Amino acid sequence: MTTGEKFEELKKKDIAAKSDRERMVIDKELEQLANNDPEGFEAAFIASAKQTLVDAKRLRIKEQMREITQFVS
């Protein structure tokens with residue numbers, strides 16, 4: 001598993017975590033991942049941030065289109 005794949009897996013686990021204890025374990029895993037492959041971790045983090053920005057823009061456009069459709073109707 002690549003650093004990027006592991007990063008995405010841990011990110012999903014963090015989002016789904018239901019307790020602070022789970023998040024602490026995930027944080028330790030993320031820290032270990034960053035220490036083991038700093039360059040790969042940085043690349044994975046940046047790629048994730050860029051994808052999040054794209055997703056947010058799409059959601060914003062979708063919401064704006066919904067508002068326009070309601071206004072026009």
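**Exercise 1. Find what the buried residues of helix 2 pack against.**

*Solution.* Work on the predicted model shown above.

Step 1. List the residues. The buried residues of helix 2 are Ile 26, Leu 30, Leu 33 and Ala 34.

Step 2. Check how they are arranged. Viewed down the axis of helix 2, these buried residues fall within an arc of 95°, so they line one face of the helix.

Step 3. Recall the general rule. An α-helix has 3.6 residues a turn, so residues three or four places apart point the same way.

Step 4. Name the partners. The buried residues of helix 2 pack against helix 1 and helix 3.

Step 5. Turn to the other face. Away from the buried side, helix 2 carries the exposed residues Asp 20, Arg 21, Met 24, Lys 28, Glu 31, Asn 35 and Asn 36.

**Exercise 2. Compare the span of each helix with the span expected at 1.5 Å a residue.**

*Solution.* The expected span is 1.5 Å times one less than the number of residues.

Step 1. Take helix 1, residues 3-16. Its 14 residues should span 20 Å. The end C-alpha atoms of helix 1 are 20 Å apart, which agrees.

Step 2. Take helix 2. It has 17 residues and reaches 24 Å from first C-alpha to last. That is close to the expected 24 Å.

Step 3. Take helix 3. It has 35 residues and reaches 51 Å between its first and last C-alpha. The expected value is 51 Å, so the two are close.

**Exercise 3. Decide which side of helix 1 is buried, and say what lies against it.**

*Solution.*

Step 1. Pick out the buried residues. In helix 1 these include Thr 3, Phe 7 and Leu 10.

Step 2. Use the arc. They cover only 70° around the axis, which puts them on the same side of helix 1.

Step 3. Find the neighbours. The buried residues of helix 1 pack against helix 2 (20-36) and helix 3 (38-72).

Step 4. Look at the face turned away from the buried side. There, helix 1 carries the exposed residues Lys 12, Ile 15 and Ala 16.

**Exercise 4. Describe the surroundings of Thr 3 in helix 1.**

*Solution.*

Step 1. Test for burial. Buried means under 20% relative accessible area. Thr 3 has 14%, so it is buried.

Step 2. List its contacts. Leaving out residues up to four places away in sequence, Thr 3 touches Leu 33, Asp 37, Gly 40, Phe 41 and Ala 44.

Step 3. Look for a polar contact. The side chains of Thr 3 and Asp 37 make one, at 2.6 Å.

**Exercise 5. Sort Ser 48, Ala 49 and Phe 71 into buried, partly exposed or exposed.**

*Solution.* Each of these residues lies in helix 3.

Step 1. Take Ser 48. Its relative accessibility is 7%, so Ser 48 counts as buried. The buried residues of helix 3 are Gly 40, Phe 41, Ala 44 and Ser 48. What covers them includes helix 1 and helix 2.

Step 2. See what Ser 48 meets. Apart from residues up to four places away in sequence, Ser 48 touches Phe 7, Glu 8 and Lys 11. A polar contact of 2.8 Å joins the side chains of Ser 48 and Lys 11.

Step 3. Take Ala 49. At 40% relative accessibility, Ala 49 counts as partly exposed. Ala 49 and Ile 15 are 34 residues apart in sequence, and their C-alpha atoms are 15 Å apart in space.

Step 4. Take Phe 71. With a relative accessible area of 74%, Phe 71 is exposed. The C-alpha atoms of Phe 71 and Leu 10 are separated by 41 Å, and the two residues are 61 apart along the chain.

**Exercise 6. Is the protein as a whole spread out or compact?**

*Solution.*

Step 1. Count the elements. The protein has three helices and zero strands. Along the sequence the pattern is α-α-α.

Step 2. Apply the globule rule. For 73 residues it gives 11 Å. The radius of gyration is 17 Å, well over that value, so the protein is more spread out than a compact globule.

Step 3. Read the box. Along the principal axes, the C-alpha atoms fill roughly 55 × 30 × 15 Å.

Step 4. Add burial and surface. Of the 73 residues, 16% count as buried. The accessible surface comes to about 6,200 Å², and 57% of it belongs to carbon and sulfur atoms.

Step 5. Finish with contacts. Among those between residues at least 6 apart in sequence, 48% join residues at least 24 apart.

Note on methods: Residues are numbered from 1 along each chain as its sequence is written. This is a predicted model: local features need pLDDT of at least 70, side-chain atom pairs count only at pLDDT 80 or more; totals for chains, interfaces and linings use all residues. Side-chain values use heavy atoms; hydrogens and water are left out. Helices (H or I, at least four residues) and strands (E, at least two) are DSSP runs, numbered from the N terminus. Buried means under 20% relative accessible area, exposed over 50%, partly exposed in between (1.4 Å probe, protein chains only). The arc is that of the directions from the helix axis to the C-beta atoms. Contact means heavy atoms within 4.5 Å. A polar contact is a pair of N or O atoms within 3.5 Å; within protein, one must be able to donate a hydrogen and the other to accept it, and residues adjacent in sequence count only if both atoms are side-chain atoms. The radius of gyration is taken over C-alpha atoms; the globule rule is 2.2 Å times the number of residues to the power 0.38. Accessible areas come from the Shrake-Rupley method with a 1.4 Å probe; for residues, only the protein chains shown count as cover.
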